Structures are given as structure tokens and as C-alpha cells.
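Here are my notes for you on this one. Keep the structure open while you read, and go through the points in order.

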Amino acid sequence: MLCLARDAGSHTAFTQAGVFLVNVLAAEHAHLARHFVTRGGERVATSEFEPREKGLPGLHEAAARVACSTYDILAGGDHSIIVGLVEDTHIGDRPPLAYCDRTFTRPVPVPAATTTGVMP
């Protein structure tokens with residue numbers, strides 16, 4: 001699922017393309033995340049993207065990529081909710097980028113709980 005502001009410059013491209021690729025940025029790609037939240041300007045042509053799954057623009061070093069065909073487009077206030085049918089995926093070896101409390105970070109694995117094998 002992709003939620004896109006109706007006044008975004010790329011809205012028409014996404015709602016008419018019929019396919020899209022979600023790139024899960026890796027932890028070292030905060031600069032790309034900042035680039036894409038800035039309004040105006042060319043997005044893909046000025047970035048580090050190249051044809052990947054289904055020929056769609058993807059980041060070679062992404063933590064993951066998910067190629068979708070558009071299944072439905074729903075109204076969501078001032079956004080369009082683009083629902084995709086997953087057709088192809090790629091899982092990389094880099095940890096994903098996360099955004100929390102207005103800062104970029106990376107997920108930290110939680111240690112497995114130790115158990116004694118005794119049921120409470």
C-alpha cells in the first residue's frame with residue numbers, strides 16, 4: 001500500500017502507471033529519504049536508482065524492494081491510497097532505515113528471551 005498526497009507532483013504518474021516499486025531504504029540512505037520528502041524537482045532522475053524488478057526504478061543497495069501492480073486506488077482524504085498486488089520481491093543484506101521521533105535510525109535486534117522451559 002502506498003499513500004500519496006493528491007497535490008504531489010508524482011501523483012498522476014503513480015495513479016496511472018499500473019505498476020510501482022517500493023524501495024525499503026537501507027540504514028545508510030537517510031540522504032535519499034531527505035531528498036524525497038523535499039517538494040519539487042525530479043525524483044528518480046537525480047537519484048541513485050536504476051531499472052530493477054519489472055524494469056521499475058530501484059535502489060541496488062536497498063534493504064528490500066517490492067514490485068506491485070496496482071490493484072485499487074482508494075480516496076483517503078487529501079491522499080490517494082494505492083493498493084498493490086505483490087508480483088516480485090528482493091531482500092537485501094542491509095538493515096533497513098527507520099524514522100522515529102523526528103530522526104532517522106536503524107532497528108536494533110531484541111535479544112531472544114531466555115526460558116527455563118518451565119510453564120508459568
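1. Let's begin with contacts, keeping in mind that this is a predicted model. Take the contacts between residues at least 6 apart in sequence: 57% of them join residues at least 24 apart.

2. Now for the parts list. You should find two helices and eight strands in the protein. Walk along the sequence and the order reads β-α-β-α-β-β-β-β-β-β. So that you can follow the later points, here are two strands to locate: β7 covers 98-100 and β8 covers 103-105.

3. What share of the residues is buried? Of the 120 residues in the protein, 24% fall in that class. As for the outside, the accessible surface is about 8,200 Å², and carbon and sulfur atoms account for 57% of that area.

4. Next, have a look at D101. This residue sits in the loop between β7 and β8. Its phi is positive, at about 50 degrees, even though D101 is not a glycine. Is D101 buried or exposed? The cut-off for exposed is over 50% relative accessible area, and D101 has 73% relative accessibility, so it counts as exposed.

5. R102 deserves a visit too. You'll find R102 in the loop between β7 and β8. R102 has a positive phi near 65 degrees, and it is a residue other than glycine. With a relative accessible area of 77%, R102 is exposed.

6. One thing to try on screen: find the loop between β7 and β8, then pick out D101 and R102 there. Both have a positive phi, about 50 degrees for D101 and near 65 degrees for R102.

Note on methods. Residues are numbered from 1 along each chain as its sequence is written. This is a predicted model: local features need pLDDT of at least 70, side-chain atom pairs count only at pLDDT 80 or more; totals for chains, interfaces and linings use all residues. Side-chain values use heavy atoms; hydrogens and water are left out. Helices (H or I, at least four residues) and strands (E, at least two) are DSSP runs, numbered from the N terminus. Buried means under 20% relative accessible area, exposed over 50%, partly exposed in between (1.4 Å probe, protein chains only). Contact means heavy atoms within 4.5 Å. Accessible areas come from the Shrake-Rupley method with a 1.4 Å probe; for residues, only the protein chains shown count as cover.
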